[in-house]
Amino acid sequence: MSNTLDLAIALLKKQSLTPNDAGCMDLMAEYLQQRGFNIEWMNFGDTRNLWARKGTEAPLFCFAGHTDVVPTGPLEEWSTPPFEPTIKEGLLYSRGAADMKGSLAAMLTACDTFINGHCDHKGSISFLITSDEEGPALDGTVKVIDTLKQRNEKIDFCIVGEPSSHKTFGDMVRVGRRGSINGYLTLFGKQGHVAYPELVENPIHALSPILSKLTTERWDEGNEYFPPTSFQISNLNSGTGVENVVPGQLKLVFNLRFSSELTPEEIKRRVTYIVDQNSDNYELTWQVSGLPFITEKGILTTAVEQALFDTTGSKPILSTGGGTSDGRFIAPTGAQLIELGPINESIHKVNECVSVDDLDLLSLTYSKILENILL
Ligand SMILES: [Zn+2]
């Protein structure tokens with residue numbers, strides 16, 4: 001059995017539901033301490049965070065990840081118990097196998113391989129591990145990053161172990177993600193009888209030109225890394241439920257997934273301009289749920305592409321799709337950041353699994369990335 005598989009199984013046996021780490025980090029810390037890493041615990045609330053670092057020089061390369069897993073879902077739908085890792089036909093089944101204890105194991109063994117082969121490497125290696133990624137994510141990576149900022153400790157390159165692969169191992173990595181902003185528009189009118197148009201102001205009619213402009217607006221053209229910004233309405237509510245009353249107000253909720261060509265301020269300004277031209281009695285509020293980030297082509301993308309070419313024979317698609325990850329807290333510090341992990345098809349589902357061979361490939365890829373950056 002490979003060391004990576006061994007470590008993955010040891011981590012998977014621990015029932016680490018968010019924010020409970022269940023001892024996963026102790027296992028990782030012990031492994032890293034034996035290889036010369038300095039161990040630091042950064043605990044906030046009931047969340048455990050591990051910051052382990054070997055070396056003091058720049059550049060600082062960081063492996064980031066989480067030990068917590070999502071709930072199992074209905075146990076009777078699992079073909080094997082979710083916390084009793086089981087191998088069948090080359091696949092390792094367990095909650096967290098793909099998201100992301102397999103990656104954590106691969107990071108550990110990749111470090112071991114790299115350090116043993118190159119004890120005179122340049123720079124430093126670190127691990128930023130949290131147990132609060134699948135939950136509210138308030139006391140995890142974001143707080144560790146705050147702490148590092150306060151003492152001027154800067155991550156230069158970061159690999160997040162999120163399962164990024166699509167059909168085959170290494171076919172896709174994430175180099176960023178789009179921003180997301182919600183708008184909440186209320187149009188006020190004057191309620192009244194439908195038979196007396198001169199006595200009413202119909203907010204549904206007032207919406208018509210606004211809707212037409214918002215839905216046909218070309219927000220941007222996107223760029224090399226992002227598709228064009230998209231606008232979608234998620235909720236539209238008005239009317240009293242009867243046929244003969246003009247309603248007094250209308251509520252619209254919309255979302256934009258935006259590229260790095262736009263800022264929330266620019267989006268707010270342009271939407272407000274469109275509404276202003278067509279209504280003087282409205283309320284518009286906003287919620288920004290995430291800013292876009294991107295790792296542009298450079299040292300890290302080249303290192304990752306080259307490593308994957310060496311281990312899989314082809315280069316990955318550099319994608320900005322997918323949901324959120326803790327990368328959103330690390331990338332804004334200026335770190336070049338890429339998410340690279342196993343196939344994500346089974347994550348958060350019953351019978352979550354990872355290919356045993358892919359675990360070894362992942363470890364090998366991680367160690368080659370270290371070579372490409374730190375030699
Ligand atoms: Zn994850």
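**Entry 1: I39**

I began with I39 and found this residue in strand β1, keeping in mind that the model I am reading is a predicted one. Leaving out residues up to four places away in sequence, I listed what I39 touches and wrote down A29, L32, Q33, L50, W51 and A52. I also looked up how I39 stands to D146, and the two are 107 residues apart in sequence, while their C-alpha atoms are 18 Å apart in space.

**Entry 2: helix α2**

Two of the names in the I39 list, A29 and L32, turned up again when I went through α2, where the buried residues are C24, M25, L27, M28, A29, Y31 and L32. I noted that this helix is mostly covered, since seven of its 10 residues are buried. Which elements cover these buried residues? I found that the cover includes α1, β1 (38-41), β2 (49-54), α3 and β6 (124-130), and β1 is the strand in which I39 is found.

**Entry 3: helix α1**

I then turned to α1, which spans residues 3-12 and is also a mostly covered helix, with seven of its 10 residues buried. The buried ones that I wrote down are T4, L5, L7, A8, I9, L11 and L12. I reminded myself that an α-helix has 3.6 residues a turn, so residues three or four places apart point the same way. Looking for what the buried residues of α1 pack against, I recorded α2 (24-33), β4 (86-88), β5 (91-93), α3 and α9 (356-374).

**Entry 4: the zinc ion**

Which residues coordinate the zinc ion? I found H66 through NE2, D99 through OD, and E162 through OE, with E162 listed twice, at 1.9 to 2.6 Å. Along the chain, I could write the spacing of these donors as H-x32-D-x62-E. The pair D99 and E162 links distant parts of the chain, for D99 lies in helix α3 (residues 97-117) and E162 in the loop between β7 (157-160) and β8 (172-174), 63 residues apart.

Why is the arrangement around the zinc ion irregular? I looked at the angles that the four donor atoms subtend, and because these run from 52 to 140°, the arrangement counts as irregular; a tetrahedral one would need all angles between 85 and 135 degrees.

I next asked whether D99 is buried or exposed. Its relative accessibility is 5%, so I entered D99 as buried, the cut-off for that word being under 20%. E162 has a relative accessible area of 9%, and I therefore entered E162 as buried too.

**Entry 5: T301**

I located T301 in helix α7, which covers residues 299-312. Because its relative accessibility is 1%, I counted T301 as buried. Setting aside neighbours within four places in sequence, I found T301 in contact with V175, T295, E296 and I338.

**Entry 6: the protein chain as a whole**

Last, I stepped back to the protein chain, for which I noted nine helices and 19 strands. Its C-alpha atoms fill a box of roughly 85 × 50 × 40 Å along the principal axes, and of its 375 residues 51% count as buried. Among contacts with a separation of 6 or more, I noted that 78% come from residues 24 or more positions apart. The chain exposes about 16700 Å², of which carbon and sulfur atoms supply 49%. For the charges, I recorded 31 positive and 48 negative side chains, with the centres of the two sets 2 Å apart.

Notes: Residues are numbered from 1 along each chain as its sequence is written. This is a predicted model: local features need pLDDT of at least 70, side-chain atom pairs count only at pLDDT 80 or more; totals for chains, interfaces and linings use all residues. Side-chain values use heavy atoms; hydrogens and water are left out. Donors are N, O and S atoms within 2.8 Å of the metal (3.2 Å for Na, K and Ca); water is not among the atoms, so sites may look incomplete. Four donors count as tetrahedral if all angles lie between 85 and 135 degrees; four count as square planar and six as octahedral if opposite donors are over 155 degrees apart and all others between 65 and 115; anything else is irregular. Helices (H or I, at least four residues) and strands (E, at least two) are DSSP runs, numbered from the N terminus. Buried means under 20% relative accessible area, exposed over 50%, partly exposed in between (1.4 Å probe, protein chains only). Contact means heavy atoms within 4.5 Å. Accessible areas come from the Shrake-Rupley method with a 1.4 Å probe; for residues, only the protein chains shown count as cover. Lys and Arg count as positive and Asp and Glu as negative; His and the chain ends are not counted. The place of a charge is taken as NZ of Lys, CZ of Arg, CG of Asp or CD of Glu.
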